[in-house]
Amino acid sequence: MSEATAGSADADESVLERYSSRVLVAGVTLAALALFLVGGWLFPDTILGTFADVLTSRNTLSAALRLSVPIAFAALGGIFSEKSGVINIGLEGLLIISAFTAIYVTYLTGNVWIGFGGGVVASVLLALLFAVVTIEFRADQIIAGLAVWLIALGLAPFASQVIFGGPNTPTVATPGAISVPVLADIPFFGALFSASPSVYLLFLAVGLSWYVFERTTFGRWVRASGENPKALDTAGVSVTRVRYAAVLISGVLSGMGGAALSLDLGQFTGNGPTMVNGKGFIAIVAYLFGNYNPVGAFLSTLLFAGLDAMQTYLQLQGIGVPRQLIRITPFVVVIVVLALVGRTRIPEAAGDHYESGEE
Amino acid sequence: MDTAVHLDGITKRFPGVVANDNVDLAVERGTVHALLGENGAGKTTLMNVLYGLYDPTAGRVLVDGAERSFESPRDAIDAGIGMIHQHFMLVDPMTVTENITLGNEPKKWGGLAVDREAARSAVVDLSERYGFDVDPDARIEDVSVGEQQRVEILKALYRGADVLILDEPTAVLTPQEVEELFEVLEELTAQGKTIIFITHKLGEAMRAADEITVLRDGRNVGTVDAAETTREGLAELMVGREVLLDVDKPPAETGDVVAAASDLVVEDERGVRAVDGVGFEVRAGEVFGIAGVDGNGQSELIEALTGLSTPDGGRIEFLGRDVTDDSRRSRIDDGMAYIPEDRQDRGLVMDFDLVENAILGSQHTAEFGPNGRIDWPHTREHAESIIDEYDVRPPNADSTSESLSGGNQQKFIVGREFERDPELVVAAHPTRGVDVGSIEFIHERLLELRKEGVAVLLVSSKLEEVQGLSDRLAVMYEGEFMDVVDPTATTEEELGLLMAGERPDADSTATAETERDVGASAGGERA
C-alpha cells in the first residue's frame with residue numbers, strides 16, 4: 001500500500017517536473033509583460049510607458065502573427081517528421097525553396113494561389129528527396145537535413161540569378177488581407193480577424209495537426225513509429241510508409257510556410273541567408289519548446305515572433321533594442337529548456353533507422 | 001487429434017548457418033506446447049517462420065490443416081497467430097488501450113477518428129473474459145513488467161489470435177509473476193486457445209506445458225509428454241549427453257576479508273538511488289552471491305565496485321585498503337578480475353582477434369607491454385593457452401571475437417579474467433545466454449578458484465545458479481539488500497518472495513529485521 005502511494009507521489013512529481021521549465025519561462029514572460037503594462041499605466045511618460053504602448057498596440061499582434069506564419073508552419077511540419085522518428089533539420093531549406101518557387105510560379109502565371117501551390121510542390125519534392133535518402137538509403141538524418149538546407153540555400157538564389165539576373169526576384173502581386181466584418185474592429189484582438197489568408201490557413205493547420213495526432217489512427221501510427229517502430233511493424237503497419245507520409249506532410253506544411261512568407265511580401269530576397277534567415281531553425285526550437293504539441297509549438301512561435309515584432313516597433317519609437325539580442329532569445333530559451341531542465345520528451349526512436357524483419 | 005498448427009519439414013538457412021533443419025512440429029488445439037532448447041538451438045527462428053517474419057528455405061506451414069504461406073506478420077495475424085516477443089513491442093508513452101488496438105483501431109466518422117470508447121470497452125471486455133488484471137487507461141511506462149506482458153497477450157487476443165507464441169516469457173518476471181503467467185495460460189487453453197511457449201528452462205517447460213518438443217542444433221530431437229518425462233531426461237535431450245544439474249561443492253574454507261563495501265550509494269542518471277546504502281564483505285575462499293530480478297541495482301553496484309563508476313556515497317575496501325576513488329586500472333592491477341554482464345559491449349572488442357582481446361586490461365603491464373610496446377609473441381602464447389585451457393572453439397587465436405558463438409566468447413573472457421591471478425573475481429551473469437555445456441564448465445572453474453582461496457562475488461538473475469554456487473546469498477530489491485541468507489537453508493519460494501520485495505514472514509517482522517541487521521553488520525560498520 002505504502003508503495004502504491006509512493007508511486008503516485010512520484011508520478012505527481014514527474015508531472016510537475018515535466019512542465020516546470022515551461023511554466024517557469026511562461027511565468028517569467030507573463031510577469032515581465034504585467035510589469036510593463038502596470039508600469040506603463042502608472043508612468044506613461046517613461047520608457048515603461050513606451051513599452052506598454054507597444055505591447056497593447058494592435059500592430060504588434062498583427063506583426064507577430066505575420067512573423068509567426070513561416071515559423072509555425074515549419075514547426076508543425078517538423079513535429080510530424082520527428083514524431084515519426086525522422087529528425088528533419090532541413091526545414092530551413094524547405095522554407096527557402098518554397099519561398100522562391102512560389103514567387104517564380106506567381107510571376108509566370110500571375111495567380112498568387114497557383115504560385116502558392118507551386119511553392120508547396122517544390123518543398124514536397126525536396127522533402128521526398130530527403131525521405132528517400134534517409135528512409136530508403138538509411139543516410140544519417142542530420143547530415144541529410146543539412147544537405148537539404150544547403151541545396152536550397154544554393155539553388156534558390158542561383159535560380160533567381162539565372163532567371164531574373166539577381167538574387168532578388170521582382171515583386172509580384174500579394175494576396176489581400178481578409179477582414180472579418182465587426183470582429184476586425186475589436187481593439188487589439190481585431191488583428192486576429194484582419195490578416196493575410198496565410199494566417200487563417202495557419203490556424204486551420206494547427207487545429208488539424210492537433211486533431212490528427214490526438215484523434216486519428218494515422219496520428220497514433222506516427223507516434224508509435226517514432227517511439228517504438230518495431231511495435232508498429234509487428235502490429236502489421238508499415239513503418240516505412242508511415243515515415244514517408246510524415247516526412248512528406250512536413251514538406252507540405254513547410255512549403256505552405258515558405259510560400260506564405262514570400263507571397264505576403266511579394267518578393268523573394270536571396271542575399272546571404274536569404275529572406276528565410278534562420279526561421280526554419282527557430283521552428284525546431286519552437287516545437288521542442290512546445291513539446292511536440294502543435295498548439296504548444298504555435299504558442300511558442302507566437303512568443304518568439306512577438307518579441308521580434310516588439311523590437312521592430314520599439315525601434316520605431318526610438319528605443320534601440322539590438323535586433324541581434326532579440327534574435328537569440330529562442331536559442332537561449334532552448335538552451336535553458338533542453339540543457340538545464342531537459343524535460344522535453346524526445347521520441348525514443350528519433351534519428352534511428354528502421355528496417356523491417358531486422359533482429 | 002485436432003492439430004492447430006503443423007510445421008512440416010521446416011528448414012531455414014542463413015548464410016553459413018542452418019538454423020532449422022527439417023523440423024516437424026505438431027501442436028494440438030487447446031494445449032500448451034513448450035519448445036525447449038539451448039540458446040541458438042533454433043527455437044526463435046522456427047517461430048519467426050510460423051509468424052511470417054522469415055520465409056522458410058523448405059517445408060510447409062499448416063494452420064488448421066490448410067497449407068499457408070505468410071509473407072509478413074500481418075498474414076500470420078490474419079490466420080489467427082499471435083506472437084508475444086521476448087522484448088515487448090509496446091509504445092511506452094501510449095496507454096494500455098492505445099497499445100492493444102494499435103494498427104487495428106476501431107474507427108468512427110467514416111474513418112476520420114478513432115472510436116476511443118469502443119476501443120476501451122473492447123479492452124475491458126477482453127480482460128474480463130480471460131480474467132486479466134489490467135488498467136486500460138494506464139500508460140505502459142507506469143505499469144509493471146508482468147502487466148506489460150498481459151497487455152501483449154491481450155494485444156494478440158484482440159487481433160483474434162487462436163494460437164499464441166510466447167518467446168521466453170518468463171525471462172523478465174519474478175517467480176510470483178511467472179506463477180501468475182502460468183495461471184493465465186491455463187485460463188487461455190481452457191477457453192480453447194493454443195499456446196506455444198519458447199523456453200530454455202526445464203522446470204518451466206515441465207510445469208506449464210502439456211507437451212514438450214526439444215530442439216538441438218536446429219533439429220527436433222524429440223517430442224515428449226510433460227507428465228511422463230523427467231528433468232534429467234529433458235536435459236539429456238537438450239544437450240545430447242547426461243548433465244549434472246546440481247552443483248556439488250565442498251564446504252567453504254574462508255579466509256580474510258578481501259573486499260568490503262559499506263553504506264554504498266549509487267545514483268543513476270536520473271538521480272534515483274539505484275543502490276541505496278548497501279554493505280557487505282567477501283572473504284577469501286567463498287562465493288558471495290547476489291540474487292534479484294534484473295534492474296534492482298545489481299549492475300550499478302558492480303560498476304561501483306569494479307571502478308567503472310564512482311559511488312555517490314559510502315566506501316569500498318579492497319585488500320584492506322580504501323579504493324573508493326581508485327581507477328578501474330588500479331583495481332585490475334590490485335587483482336580484481338571482472339566478468340562483465342554484457343560481454344559484447346564490455347568484455348571484448350568485437351572486431352579484434354583473440355590475441356588482442358587476450359590482454360585487454362593488462363596491455364600496460366610489464367608482462368605484456370614492457371616499455372610501452374606490446375610483446376606480441378608472448379601475448380599470442382597467452383591467448384593460445386587461454387583457448388586451450390578454457391576449450392574455446394574454434395581454437396584459432398587469429399579469429400575475431402565476433403566470429404565466436406556467445407558461449408565461446410564467454411569462455412574466453414572467463415579464461416582471460418581467471419588467468420590474471422585475481423584476489424577477487426566479480427562475475428556478473430557469467431552464464432547468461434551460454435549453452436548448458438559451457439555453463440557447467442564455467443561453474444566448475446568458479447568453484448576451483450574458490451578452492452584456491454579466491455574471493456568470488458557472483459551476481460545472477462538465475463536463481464538455481466546463485467543458490468547452487470553461493471556460500472552466502474544476498475537478495476537485492478530496489479537498491480537494497482532484502483536479506484543475506486544461507487542458500488542451502490532457504491527455499492526457492494522464500495527467495496522468490498524476497499526478490500519481489502516481500503519478507504517471507506509478515507508476523508515475524510522483528511525476526512526479519514534482526515536477521516537483516518546481522519546481515520548488514522556482517523557487511524561492515526553499519527551499526
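How many residues does the contact take from chain A and from chain B? I looked it up: 18 residues come from chain A and 19 residues from chain B, where contact means C-beta atoms, placed from the backbone, within 7 Å.

Note to self: this is a predicted model, where local features need pLDDT of at least 70, side-chain atom pairs count only at pLDDT 80 or more, and totals for chains, interfaces and linings use all residues. Residues are numbered from 1 along each chain as its sequence is written, while chains are lettered from A and ligands numbered from 1 in the order in which they are written.

Next I checked the chain A side that touches chain B. H8(A) gives the most to that side, with five residues (helices are DSSP runs of H or I, at least four residues, and strands are E runs, at least two, numbered from the N terminus).

Then I asked about burial in H8(A). Nine of its eleven residues are buried, so H8(A) is largely enclosed by the rest of the structure; buried means 20 or more other C-beta atoms within 10 Å of the residue's own, with C-beta atoms placed from the backbone. Among them I found Trp221(A) and Gly226(A).

Over in chain B, I traced an open sheet of six strands, ordered S18-S19-S20-S15-S21-S22, with mixed pairing (strands pair if DSSP finds at least two bridges between them). S18 and S22 of chain B are at the edges with a single partner strand each, so one side of each has no neighbour in the sheet.

Inside the sheet, I saw S15 and S20 of chain B pair in the parallel sense over four bridges. There, Phe288(B) sits opposite Leu457(B) of S20(B).

Terms used. Two residues are in contact if their C-beta atoms, placed from the backbone, lie within 7 Å. A residue is buried if 20 or more other C-beta atoms lie within 10 Å of its own, exposed if 12 or fewer, and partly exposed in between; C-beta atoms are placed from the backbone.
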